[in-house]
Each structure stands twice: as C-alpha cells, then as structure tokens.
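Please find below a short note for a colleague who is meeting this structure for the first time. The points are best read with the structure in view.

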Amino acid sequence: MKKAKLLAVVIAALVMYACGSSAAVYNPSTPVRNKNITQIEDAIYKVCAKIGWKAQKISDGTIEATLYTREHIAIVHILYAENGYTIKYFDSTKLNYSEKNGTIHGNYNRWVDRLDRNIAAALAE
C-alpha cells in the first residue's frame, strides 16, 4: 500500500513538472548596436509576425505583443530604444501568474526566450 501511494505521488510530481512548473518571470533586456529606432521597431514587428505573436504599437518606444496558444494568452510589452530593448511581462490568462511570488508557468519563459532570441537574430543581420 505504501509503495502504491509513493508511486502515485511520484507520478503526480512528474506530470506537474512535465506540464511546465512555475518559474520566475523572465524579462530579458538585450543591447542593440548600430541600428536605428526604425530598424529595431521593424525587426520586432517582423519577428512577432513570423513566430505567431500579434504586435501593435501602444506608444513611442513600446509595442504590445500577444501570443494565443490553445487556452493560454501571454501579453508582453517590448520597450525599445536605439541602445536595445526589454521584453516585460504585462498580463496573461491561464499561466498561473503570481504577482506576489513573481512566478509564472514555465512555458511563458520559453515563449519569451524564443521571441527575444529571434529579435536579437533579426537585428544581427
């Protein structure tokens, strides 16, 4: 009986881990060199469209990008200037965001990391 309970606990823990356990919210800042503001803005829009984020400018130097994945929604603000950009968490749905703990579902960080890496690569061209 004890082995069955232990096995059930281990299986439950593995399922929770595989589904993307909570992690600290990732807000990357990436420096940019030798690009003007228009080139940076264009790269952000191009990358967002390419990898499935919906982007719209909400003010000078700020683009809001939204990713819809199944029942999950992630919204970030991309703050940019000639010296670089920062991707900051703004809002989410069904991603277990905890403002108190500064944590979110692990998939969010993977999506933001992919967005960041693709923007950086586009700006390196």
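In what order do the 5 strands of the open sheet lie?

1. In this model, which is predicted, the open sheet has 5 strands in the order β2-β6-β5-β4-β3, and their pairing is antiparallel. Because β2 (29–31) and β3 (53–59) stand at the edges, each with a single partner strand, one side of each is left without a neighbour in the sheet. From one strand to the next, the twist averages 25 degrees.

2. At the β3 edge, the partner is strand β4 (residues 62–69), which runs antiparallel to β3 and is joined to it by 6 bridges. Within this pair, K54 is the residue that stands opposite T66 in β4.

3. Helix α3 (residues 106–124) packs on the sheet and touches β2, β3, β4, β5 (72–81) and β6 (84–93). The direction of helix α3 makes about 155 degrees with that of β6.

4. At the β2 edge, 3 bridges join β2 to β6, and these two strands run antiparallel. A reader who wishes to locate this pairing may look at S29, whose bridge partner in β6 is T86.

5. Strand β6 also pairs with β5, again in the antiparallel sense, and this pairing extends over 9 bridges. One of the residues to look for here is V76, which has Y89 as its bridge partner in β6. How many residues does the hairpin that joins β5 to β6 pass through? The connection from β5 to β6 is a hairpin through 2 residues.

Terms used. Residues numbered from 1 in each chain as written. Predicted model: local features only at pLDDT ≥ 70, side-chain atom pairs only at ≥ 80, totals over all residues. Heavy atoms only, no water. Pairing = 2+ DSSP bridges. Helix = DSSP H or I, 4+ residues; strand = E, 2+ residues; numbered from the N terminus. Axes fitted to C-alpha atoms, helices over the stretch in contact; angles between N-to-C directions. Contact = heavy atoms within 4.5 Å.
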